[in-house]
Amino acid sequence: MSNLTREETEALIAEVLEVYPDKAKKDRAKHLAVNDQSIEQSKKCITSNRKSLPGVMTIRGCAYAGSRGVVWGPIKDMIHISHGPVGCGQYSRAGRRNYYIGTTGVNTFVTMNFTSDFQEKDIVFGGDKKLAKIITEIEELFPLVKGISVQSECPIGLIGDDIEAVSKKASAAINKPVVPVRCEGFRGVSQSLGHHIANDAIRDWVLDVKKEDTSFVPSPYDVTVIGDYNIGGDAWSSRILLEEMGLRVIAQWSGDGSLAEMELTPKAKLNLLHCYRSMNYISRHMEEKYGIPWMEYNFFGPTKIAESLRKIAAFFDESIQKKCEEVIAKYQPMVDAVVAKYKPRLTGKRVMLYVGGLRPRHVIGSYEDLGMEVVGTGYEFAHGDDYDRTIKEMGNATLLYDDVTGFEFEEFVKKVKPDLIGSGIKEKYIFQKMGIPFRQMHSWDYSGPYHGYDGFAIFARDMDMTLNNPCWNKLIPPWKKPAAEGEDMAKAA
Amino acid sequence: MANIMIRRGDKGEYVFYLPKRDLEDTIVSMEFDTPEKWGGEIKLNNGGSYFIEPQTAPERLPYSVRAKRLDAAE
């Protein structure tokens, strides 16, 4: 099917909205838009970061998911206590595939679940004593732990436990940082506020702790990788490019990151920010307080990688810029081979995306490098500044949808008929059963890494593997196929 | 009154950031912009305007400051 015109897209949105009652229709209409590159300010066309409508299927998470799951969770040498009932921690355990190096249960703890397992009596009498006991137990059982964070679940805020006081006391007792994080799930409209709360907790409890320590010898080429959660090894395939350029990566936030790295971050020369949505707060804070400039970059797809590498190199002297060109040249033959192999198989295919807070705009370049086109994109929990950045990346008259509901997404897909959908696990089986190739773009569908040049090769292979899989021709059973084809098969038999 | 942060953009212009509303925009004009007197009424690219109590210019940007909303766009 050819691409929709602006009028057709507008008509499609109007048609989809038809099913809602008037009040809901008015609200949802603000979240759906047709992209117009001439608009500079996204709020003229789309509203974001608002409470989801009761009664619709939303795909959003909660503040606890944003803090425990995204920002704090991957810090490998700390133990993150899911403070509250057991479910929140258990059902989110190890789901994001943040890879790390270390021996789990000895000096690293990312895939383990620590919880205070609240019972009725803890709700009635408070859980502070239990929390203090857990911290002592952790110290006894896992002496190599470098620090502890207390991630509150909803009941903690509801019953008003004073986790700050317990943390301060426990921290003095075990002589390790204990960070209370007030990330109760009911705060905010989505996981986005959880990111913000987690960033603020890092600012208040981690950054200034080691400022007297002078054992670290800074170099003029110290950078940090901020907002890369090492999903399937993403941070590693990004890091090697920076290191080949002659830069020294002193901290990874927070995929495969450690507490010591975070404490060192104020000594960096430049903060490189990948996930703008979840870590721009701390970057802005470090810019103001320590004078460290920050820069957004994009390591998806060779075009954007080369662009970002050059932008990063421009911050440093000529030796780095020279090495940057060498790095780009070194990987060019590999990129050419990948593109030569997969572009003919993928070119012209149309993609719809619906992911979290960064990828809906970051991966567009990757698809375009393979000759594919993104015809619709949307965020679960982005804010206005994300859409400002998205409008430029997307083509005119393409669909933008914010916090899309299950119904709307299905209807859009039925009408736009994309060749591939990139979204999460909750959408995966619906669309696969509709016969549309699907990739999980949250966890890279258990593949990855997708960042960097090495990641691009894997990305291209995965997209080809999904799109050109022979199973998509087998969805109609032989007895329902048109008669002519059936006869051919009979003859062949 | 709201806490805002003012920083330099890529082209040397002032960039306004209002964390509460995730509003990031360039400043088109600032009433006073000398080392001795800095602030006053600021106009944003989106049409909104804010007021910063005139003061001596901050030594280093970014700089967090309280600002009063005079006229928000929307």
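**Aromatic pairs and overall fold of chain A**

Over all chains, the count comes to 24 aromatic pairs. The structure is a predicted model, and two of these pairs are described here in detail, beginning with Phe114(A) and Phe142(A). Their rings meet edge-to-face, with 5.4 Å from centre to centre and 85° between the planes. The pair links distant parts of the chain, its members being 28 residues apart. Phe114(A) belongs to strand E3, which covers residues 114-115 of chain A, whereas Phe142(A) lies in the loop between helix H6 (128-141) and strand E4 (147-152).

Are these two rings buried or exposed? Phe114(A) has a relative accessible area of 11%, so it is buried, because the cut-off for a buried residue is under 20%. Phe142(A), with a relative accessible area of 14%, is likewise buried.

The second pair consists of Tyr297(A) and Phe299(A). This pair is also edge-to-face, with 4.7 Å between the ring centres and 80° between the planes. Both Tyr297(A) and Phe299(A) are buried.

Ring pairs can also join into a larger group. Which residues form such a cluster? Phe300(A), Tyr367(A), Trp444(A), Tyr450(A), Phe456(A) and Phe459(A) are linked into a cluster through ring pairs.

A buried position of another kind is Ser254(A), which is found in strand E7 (residues 248-254) of chain A. Its relative accessibility is 0%, and Ser254(A) therefore counts as buried. What surrounds Ser254(A), once its neighbours within four places in sequence are left aside? Ser254(A) is in contact with Val70(A), Val71(A), Pro74(A) and Ile75(A), and also with Asp228(A), Tyr229(A) and Met279(A).

These local features sit within a chain of 21 helices and 14 strands. The radius of gyration of chain A is 24 Å, close to the 23 Å that the globule rule gives for 493 residues, so chain A is as compact as a globular protein of that length. Along its principal axes, the C-alpha trace spans about 80 × 60 × 55 Å.

Of the 493 residues in chain A, 54% are buried. Contacts across the sequence can be described in a similar way: among those between residues at least 6 apart in sequence, 72% join residues at least 24 apart.

The surface remains to be described. Chain A exposes about 20700 Å², of which carbon and sulfur atoms supply 57%. Chain A carries 63 positive and 66 negative charges, and the mean positions of these two sets are 2 Å apart.

Technical notes:
Residues numbered from 1 in each chain as written. Chains lettered and ligands numbered in written order. Predicted model: local features only at pLDDT ≥ 70, side-chain atom pairs only at ≥ 80, totals over all residues. Heavy atoms only, no water. Helix = DSSP H or I, 4+ residues; strand = E, 2+ residues; numbered from the N terminus. Rg over C-alpha atoms; globule rule 2.2 N^0.38 Å. Buried < 20%, exposed > 50% of the residue type's maximum accessible area, 1.4 Å probe, protein only. Contact = heavy atoms within 4.5 Å. Areas by Shrake-Rupley, 256 points an atom, 1.4 Å probe, with all protein chains shown as cover. Lys, Arg positive; Asp, Glu negative; His and termini not counted. Charge placed at Lys NZ, Arg CZ, Asp CG, Glu CD. Phe/Tyr/Trp six-rings, centres within 6.5 Å; stacked < 30°, edge-to-face > 60°.
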